[in-house]
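This report covers a protein chain with a bound ligand. The ligand site comes first, followed by the domains and the cysteines.

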Amino acid sequence: MPATIIVGLQWGDEGKGKTTDLLAEQVAMVVRYQGGDNAGHTVVSGDEVLKLHLVPSGILYSHIVSVIGPGVVVNPTTLIAELDMLASRGIDTARLRVSASAHLVLPFHVAIDRAREARLAGDGAAVGTTGRGVGPAYADRASRIGLRMGDLLEPTAVTARIGRLVDERNAELARLGSDERWSAADIGEAMTAWGARLRPHIADTTALVQGALRRGDHVLLEGAQGTLLDLDHGTYPYVTSSSPVAGGACTGGGIGPLQVDEVLGVMKAYATRVGAGPFPTELTDGIGESIAERGKEYGTTTGRRRRVGWFDAVPLRYAVAVNSISSIMLNKLDILSGIESLELCVAYEIDGRRIADWPSSAEVLARARPIYESFEGWLEPIHGVRTLADLPETARRYVTGLEELAGVPIVLVSVGPERTQTIERAWRPMRHRPAIPA
Ligand code: IMP
């Protein structure tokens, strides 16, 4: 009954795609449990680079059933475009299953997201969303007026609900000063077309996931974004509208807490953040610039340059606790090569006091000044290193320092984008190995 959760410990973009890819061979099912097409990961298939926003990267493996769970919000246009793109590259998408309970991101959600951000930007208060309509779609879900994947199968049965939703959202667009409007007839027609195309993929995914666990198959639950963007645990209001934390994998994936046997946290050797919000260790100097360039820190979804900073261990301790992390994968250690001295934030000074606990308020965090511990850097490239013992002594000390602050073992260290550029430390990946069908 093994289920493993992969969760980002920072502000997203920790390299969870590589982690999933590394573990994929051992699993029978990969489940996306929250977020929407605001997420993005780049996957390499042979010589080709694919950018996926909704479809789990497990789709590249013929033995894996890829699942979009009930906690995800799905823009059907994006999903169909991704399926077409994958098919055009010869990748079989027949094994993708999308929960009938997953809510739809409709065109007016995108328009509202952008109109609201434009209005907030006027007050200097924009969240810096990806503009994909994710927040407004989750708001309709919580308000119990949203439409779901299952509704695509019989849109005429929900005509009245479509009408009420379109009326409300058109009124909201008018309030926000937008000229965009939709008609219930157009949305109904679009839903019929989406349903015709997506019908083979729509399923009760919770039954599928539970069936897989009953058979003893290994299920990987793949989080998007990261703990510090979590609606409950992040720097509200500069957060996404879902629950990237491990608890979100239970509600959004359709499993119970006792069915989880491992929670693998993923973090980078430094910090990045996209969009607005407090970021105490942000680097606005040449060091930040060079880390961003070497680390290719540009958003997969929006192309925006990510903000870069030193590693912050204050939210790390919090993230390890709220996710009950059992082990950690540390990514992009190689990007720090060539920096003479590294800073690691171990506490904050807030209003003249030393604070070691993550503040729950963005306003308080905005006043935090980082207290750093310095680590001697290493100048040589480390892409070719495959064992911890072969890392430069200073790099080893940095990894050990991070591990001590996290309080859980760092079991995998990535020193390059390739699957082989990974250092495995005393770790038995996946305590239960399923028999993978040939
Ligand atoms: P939204 O999820 O588009 O509503 O954006 C809310 C916040 O989450 C913004 O700061 C975005 O930049 C951030 N965000 C959303 N998805 C990602 C992601 O995949 N990586 C990093 N940041 C993200």
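## Ligand site and domains

In this predicted model, a polar side-chain atom of Gln225 lies 3.2 Å from a nitrogen atom of the ligand. Backbone atoms also take part in polar pairs with the ligand: a backbone N or O atom of Gly128 is 3.2 Å from a ligand oxygen, and a polar backbone atom of Val274 is 3.1 Å from an oxygen atom of the ligand. The protein buries 96% of the 470 Å² that the ligand exposes when taken alone.

The three pairs are listed below.

| Residue | Protein atom | Ligand atom | Distance |
|---|---|---|---|
| Gln225 | polar side-chain atom | nitrogen | 3.2 Å |
| Gly128 | backbone N or O atom | oxygen | 3.2 Å |
| Val274 | polar backbone atom | oxygen | 3.1 Å |

The shell around the ligand has 15 residues, of which Asp13, Asn38, Thr130, Thr240 and Val274 come nearest. Sorted by class, this shell holds seven polar, six nonpolar and two charged residues.

The chain is divided into domain 1, covering 3-89 + 204-424, and domain 2, covering 105-199. Their C-alpha centres are 29 Å apart. To the contact between them, domain 1 gives 28 residues and domain 2 gives 17 residues. Where does the ligand lie relative to domain 1 and domain 2? The ligand lies between them, because both domains give residues to the shell around it.

The cysteines are a separate matter. With sulfur atoms required to be within 2.5 Å of each other, the count of disulfides is zero. Are Cys250 and Cys345 buried or exposed? Cys250 counts as buried because its relative accessibility is 15%, against a limit of under 20%. Cys345, at 0% relative accessibility, also counts as buried.

Methods:
Residues numbered from 1 in each chain as written. Predicted model: local features only at pLDDT ≥ 70, side-chain atom pairs only at ≥ 80, totals over all residues. Heavy atoms only, no water. Near = heavy atom within 4 Å. Polar contact = N/O pair within 3.5 Å; in protein donor to acceptor, adjacent residues only side chain to side chain. Areas by Shrake-Rupley, 256 points an atom, 1.4 Å probe, with all protein chains shown as cover. Nonpolar A, V, L, I, M, F, W, Y, C, P; charged D, E, K, R; others polar. Domains from an automatic or database assignment. Buried < 20%, exposed > 50% of the residue type's maximum accessible area, 1.4 Å probe, protein only. Contact = heavy atoms within 4.5 Å.
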